[in-house]
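Please look over the structure shown here with its strands, helices and their contacts in mind. The report that follows takes up the sheets and then the helices.

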Amino acid sequence: MDNSQAESPVEPGTLHRLSPVLARLTAPNPGMMTGPGTNTWIIGEMDRVVVDPGPDDMEHLEAVAAAGEGRIRAILITHGHPDHAPGAYRLREITGAAVMGHPGLRGDGGSNDSAVDEPLDDGDRLDGEDFTLHCLHTPGHAAEHLCFLLEPGRVLIAGDMVMEGSTVVISPPDGDMTAYMDSLERLRELEVDAVAPGHGRMLRPPRALFDGVIAHRQQREAMVLSAVAAGDRWIGEIVARIYTHVPAPLQRVAHGTVRAHLEKLHGEGRVVGQDDGPWYAAEESS
Ligand SMILES: [Zn+2]
């Protein structure tokens with residue numbers, strides 16, 4: 001998808017206003033898995049809400065608080081991954097605003113307590129003076145993953161359901177390919193005008209975007225299935241066969257995604273096996 005005409009590249013540390021009720025400040029954590037960095041969204045003009053404060057980076061969080069101009073009343077988290085959530089607690093210290101997210105979101109300390117002050121779940125809505133956010137529970141990349149549909153503008157704040165220029169990692173046990181595909185199908189049916197991903201620029205048109213991601217995953221799934229049918233037994237073998245042009249660090253990531261595909265196929269009764277292998281096509285073992 002070519003967004004180059006629509007928007008200049010994402011620049012960490014620069015507040016980028018996309019509409020009267022939507023601004024983006026990208027955290028300075030660029031990387032292989034985070035693209036230019038994690039997008040922090042500042043929503044609303046009168047009262048404000050922040051989505052995904054990002055990592056615990058003092059300079060970034062102070063910039064987010066400054067952009068909030070003393071009007072931040074809630075801090076929302078799409079999911080608990082370290083590039084999205086830890087900054088929420090520092091931002092809470094700075095602003096006094098409540099941390100909100102799915103009740104399944106866990107704190108870093110390994111405790112079983114929910115890490116949110118106020119739970120949000122599918123169907124909940126948050127009304128600001130000049131905006132509304134509708135919450136959607138979209139498990140797959142992470143079990144507790146939420147997306148937020150912003151009105152006005154019909155913008156989907158998509159967390160890590162999609163990202164610009166790359167595919168999203170779905171790695172068990174936190175990641176679940178069956179749930180991810182179901183969530184993509186659901187997002188595909190929404191009436192939205194643009195998708196605001198956790199990493200990279202705004203993505204349009206949404207329908208074509210989701211169609212593309214779904215088609216890519218279906219293609220990968222077919223490749224995993226035929227690798228197993230061709231005699232690959234171990235995930236490492238399947239990765240080596242399918243992800244031929246991928247550098248070594250990304251092959252490790254691909255390992256998780258292949259496993260997620262195998263677990264989905266296992267759930268559908270099309271392959272037999274567990275963990276790293278051995279895996280068999282369902283016909284072979286019967
Ligand atoms: Zn992320």
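What follows is a reading of a predicted model, arranged by sheet and by helix.

## The seven-stranded sheet

One open sheet is built of seven strands with mixed pairing, in the order S1-S2-S3-S4-S5-S6-S7. Its edges are taken by strand S1 (16-19) and strand S7 (118-119), and because each of these has a single partner strand, one side of each is left without a neighbour in the sheet. Further in, strand S2 (residues 22-26) and S3 are paired in the antiparallel sense over five bridges, and within this pairing alanine 23 has isoleucine 42 of S3 as its bridge partner.

Isoleucine 42 also takes part in the next pairing, since its bridge partner in S4 is valine 50. Strand S3 (residues 39-43) and S4 run antiparallel and are joined by three bridges; the hairpin that they form has four residues between the strands, and in it glycine 44 takes a positive phi near 100°.

## Strand S4 and the crossover to S5

Strand S4 shows burial in both directions: Arg48 and Val50 point one way from the strand, Val49 and Val51 point the other way, and all of them are buried. On to S5 the pairing is parallel, with four bridges joining the two strands, and here arginine 48 stands opposite isoleucine 72 in S5. The chain passes from S4 to S5 by way of H1, in a β-α-β crossover that is right-handed.

## Helix H2 against the sheet

Which residues of helix H2 are buried? In this helix, which spans residues 87-95, they are Gly87, Ala88, Arg90, Leu91 and Thr95. These buried residues lie on the same side of H2, because the arc they cover around the axis is only 165°.

The cover over the buried residues of H2 includes strand S4 (48-51), helix H1 (58-68), strand S5 (72-76) and strand S6 (98-101). Just after the helix ends, glycine 96 takes a positive phi of about 80°.

The seven strands of the sheet stand in the order S1-S2-S3-S4-S5-S6-S7, and its edge strands S1 and S7 each have a single partner strand. H2 packs on this sheet, where it touches S4, S5 and S6, and the direction of H2 makes about 170° with that of S5.

## The five-stranded sheet

A further open sheet has five strands, ordered S8-S9-S10-S11-S12, and its pairing is likewise mixed. Strand S8 (125-127) and strand S12 (194-197) stand at its edges, and since each has a single partner strand, one side of each is left without a neighbour in the sheet. On average, and with direction ignored, neighbouring strands of this sheet are turned by 20° against each other.

At the S8 edge, the pairing with strand S9 (residues 132-137) is antiparallel and extends over three bridges. Aspartate 127 has threonine 132 in S9 as its bridge partner.

## The contact of H4 and H6

Helix H4 (residues 206-229) and helix H6 (residues 248-267) have axes that come within 10 Å and cross at roughly 80°. This angle makes H4 roughly perpendicular to H6, because angles of 65 to 115 degrees count as such. At the contact, Arg220, Glu221, Val224 and Leu225 of H4 meet Val258, His261, Leu262 and Leu265 of H6.

How values were computed
Residues are numbered from 1 along each chain as its sequence is written. This is a predicted model: local features need pLDDT of at least 70, side-chain atom pairs count only at pLDDT 80 or more; totals for chains, interfaces and linings use all residues. A residue is buried if 20 or more other C-beta atoms lie within 10 Å of its own, exposed if 12 or fewer, and partly exposed in between; C-beta atoms are placed from the backbone. The arc is that of the directions from the helix axis to the C-beta atoms. Two residues are in contact if their C-beta atoms, placed from the backbone, lie within 7 Å. Two strands pair if DSSP finds at least two bridges between them. A crossover is right-handed if, with the strands pointing away from the viewer, the path from the first strand over the helix to the second runs clockwise. Axes are lines fitted to C-alpha atoms, for helices over the stretch in contact, and angles run from 0 to 180 degrees between N-to-C directions. Angles under 35 degrees count as roughly parallel, over 145 as roughly antiparallel, 65 to 115 as roughly perpendicular and the rest as oblique.
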